[in-house]
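Colleague: I would like a close look at a single part of this model, with the surroundings described step by step. Could you take one buried position and say what surrounds that position?

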Amino acid sequence: SGFAHYCANSTGTYAPHWLFDPSYYRSHDVELSARSKEGTIFRDDYDHFLQVGARMGLAPSVFFDEAVYASSLSSEQSTGLRKEGGYRHYLRRFPQTLPELRLSSYFEPFAYLRKYPAVAVEILKGRWSSALEHFLTAPDHEQFRPSALFSERRYLELNPDLASYVERDGSNRAAYKHFIRF
């Protein structure tokens, strides 16, 4: 499986799930960033997040905010949320989550699908599991904007010095993550 391959070959630079961003998590977890993973019981950042961080309410990425997720749920839907943490709760019930719930302040799935109806069709066909997964992982990501207020192409034009940062980061949404962070 893909996860088995990740476990056997990961050097800590890749994430096993599209909703987990190792560099974001590392920069927001003081304990993890202050110590070396050498000699610990954790295989990598994701393992640490699943065993410790998720229960502490730490975010796996800028695109998952447990409070935003929880506010999108009815009281019936939120059963088990506090016990298992928002991320595990979301992953466990994800295939049942229609309409798609908002997971952070930085991405609005309803507006995205209205703007890009072809993505909605692809989700229905099973090519993508959600609008957010499409936004974060689509190979032609430059064509898709997270909101009417942000254009990755324009942001890079206005900040040409970011090209090396985006190249080093290597993720599809490096420019948008930079915009959010700074």
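Modeller: What follows is a walk outward from Leu 19, through its partners, to the chain as a whole. The model is a predicted one, in which local features need pLDDT of at least 70 and side-chain atom pairs count only at pLDDT 80 or more, while totals for chains, interfaces and linings use all residues. Residues are numbered from 1 along each chain as its sequence is written, and side-chain values use heavy atoms, with hydrogens and water left out.

Leu 19 sits in the loop between helix 1 (2-9) and helix 2 (22-28), where helices (H or I, at least four residues) and strands (E, at least two) are DSSP runs numbered from the N terminus. With a relative accessible area of 0%, Leu 19 is buried; buried means under 20% relative accessible area, exposed over 50%, and partly exposed in between, using a 1.4 Å probe and protein chains only. If residues up to four places away in sequence are not counted, Leu 19 touches Pro 60, Ser 61, Phe 63, Phe 64, Tyr 87, Tyr 90, Leu 103 and Leu 132, a contact being heavy atoms within 4.5 Å. The C-alpha atoms of Leu 19 and Leu 91, which are 72 residues apart along the chain, are separated by 9.8 Å.

One of these partners, Ser 61, belongs to the loop between helix 4 (45-53) and helix 5 (66-71), and Ser 61 counts as buried because its relative accessibility is 4%. Its side chain reaches the backbone oxygen of Leu 19 at 3.3 Å and the backbone nitrogen of Phe 63 at 3.0 Å. Both are given as polar contacts, that is, pairs of N or O atoms within 3.5 Å, where within protein one must be able to donate a hydrogen and the other to accept it, and residues adjacent in sequence count only if both atoms are side-chain atoms. Apart from its neighbours within four places in sequence, Ser 61 is in contact with Leu 19, Asp 21 and Tyr 24.

Leu 19 and Phe 63 also appear together in the largest nonpolar core, which has 38 residues, and they are among the members that touch the most others, along with Tyr 69, Tyr 87, Tyr 112, Leu 132 and Phe 135. Such a core is a set of buried Ala, Val, Leu, Ile, Met, Phe, Trp, Tyr and Cys residues joined through side-chain atoms within 4.5 Å. Two or more residues of this core come from each of helix 4, helix 7 (86-93), helix 9 (117-125), helix 10 (131-137) and helix 13 (174-181). Helix 13 is largely enclosed by the rest of the structure, because 6 of its 8 residues are buried, namely Ala 174, Ala 175, Tyr 176, Lys 177, His 178 and Ile 180.

In helix 4, Asp 47 makes a polar contact through its side chain with the side chain of Gln 51, at 2.6 Å. Beyond its neighbours within four places in sequence, Asp 47 is in contact with Ile 41 and Phe 42.

For the chain as a whole, there are 13 helices and 0 strands, and buried residues make up 41% of the 182 residues. Among the contacts with a separation of 6 or more, 54% are accounted for by residues 24 or more positions apart.
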